[in-house]
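Reader: Before we discuss charged pairs and helix packing, could you put the sequence and the coordinates in front of us?

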Amino acid sequence: MDTKELLKKVRKIEIKTRRLSDHIFGGEYHSTFKGRGMTFSEVRQYQFGDDVRNIDWNVTARYNEPYVKVFEEERELTMMLMVDVSGSELFGTEQQFKNEVVTEIAATLAFSATQNNDKIGLILFSDQVELYIPPKKGRSHVLRIIRELIEFQPESRQTNLAEALKFMQNVMKKKAIVFVLSDFIADDYHQTMKIVSGKHDVTGIRVYDKREEDIPNLGMVQMQDEETGELMLVNTSSKKVRLNYGKFYSQKVDYYKESFTKSGAGAIDCRVDESYVKKLLGYFKRRG
């Protein structure tokens, strides 16, 4: 992709997702993800109804009338976007590929965080951490993240979510808001998930295509495993083949839901032909 085309794509995503985050998600995001606590801001004269526990006795004694301490929410937070860039993310039969929807969701979340003056970081992962952008503030930083999401070419096509979670835990010393965007066709991350969500506020966003849920009966079909690149002939007219595939797929989905909910993390399911706006808003409102 040449620079001109890339910038055009970045701009298009910025216009769409920034409008969403400005008008819809800003306030929801703020009320859902609270700051680290309250910090002292100033003193002012006592007004009827103020909590007497907040009276500043030193200032009160000096001026011979009651003054109270005013506290403000300590707002600054860090959002970490963890995005699966393995081969299975390139699947798509509707208007958009999964990775395109993932990019839009990530950009919307990033602009919502920017509106609240929070820092945003990015981890792109396959079965290894492919790219790490440390958390920073500002529009130009978000645009860099969007650029990477559009044009990044991973070295590997396989998935290892546990490794990515361990990496995030190592680089993020303070509590962060973590969104993991993937189709979660992965194994053995339950234990790591438990440890990570004990420290961080984690939400999984599963982006999937309805055609992945079951194989239609199309006779003998040549298929390619997006993660291994292996080509194979699959007899889709065989009921057993279709049943086995359906079983494999639902096991992965169940494992994802169980791993996230049992460890106290949030979980959102978003099909590529559904509105991710409704899904995110519903989630923020439930949590807020």
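**Salt bridges and a packed helix**

Author: Lys-262 is exposed, its relative accessible area being 60%, and this value, like the others below, comes from a predicted model.

Reader: With which residue does Lys-262 form a salt bridge, and where do the two lie?

Author: The closest N and O atoms of the pair are 3.7 Å apart, inside the 4 Å cut-off for a salt bridge. Both residues belong to helix 7 (residues 239-262), where four residues, about one turn of the helix, separate them. The partner counts as partly exposed because its relative accessibility is 42%, and that partner is Glu-258.

Reader: Which residues are joined into one network by salt bridges that share partners?

Author: A search of the whole structure finds 16 salt bridges. Among them is the bridge between Arg-11 and Glu-14, with 2.6 Å between the closest N and O atoms, and another is formed by the side chains of Arg-139 and Glu-14, also listed at 2.6 Å, N to O. Through shared partners, such bridges join into one network Arg-11, Glu-14, Arg-18 and Arg-139.

Reader: Is Glu-14 buried or exposed?

Author: Its partner Arg-11, three residues away in helix 1 (residues 3-32), counts as partly exposed at 44% relative accessibility, and Arg-139 is likewise classed as partly exposed, at 39%. For Glu-14 the relative accessible area is 4%, and since the cut-off is under 20%, Glu-14 is buried.

Reader: How many residues apart in sequence are the parts that the pair of Arg-139 and Glu-14 ties together?

Author: The side chains of Arg-139 and Glu-14 meet in a salt bridge. Arg-139 lies in helix 4 (residues 139-151) whereas Glu-14 lies in helix 1, so the pair ties together parts whose separation in sequence is 125 residues.

Reader: What arc do the buried residues of helix 5 cover around the axis?

Author: The buried residues of helix 5 (residues 161-171) are Leu-161, Ala-162, Ala-164, Leu-165, Met-168 and Gln-169. They lie on the same side of helix 5, because the arc they cover around the axis is only 160°.

Reader: Against which strands and which helix do the buried residues of helix 5 pack?

Author: At the start of helix 5, a side-chain oxygen of Asn-160 comes to within 3.3 Å of the backbone nitrogen of Ala-162, and Ala-162 is one of the buried residues of this helix. The buried residues pack against strand 3 (78-84), strand 4 (119-125), strand 5 (129-136), strand 6 (177-182) and helix 6 (190-199).

Key:
Residues numbered from 1 in each chain as written. Predicted model: local features only at pLDDT ≥ 70, side-chain atom pairs only at ≥ 80, totals over all residues. Heavy atoms only, no water. Buried < 20%, exposed > 50% of the residue type's maximum accessible area, 1.4 Å probe, protein only. Arc of directions from axis to C-beta. Contact = heavy atoms within 4.5 Å. Polar contact = N/O pair within 3.5 Å; in protein donor to acceptor, adjacent residues only side chain to side chain.
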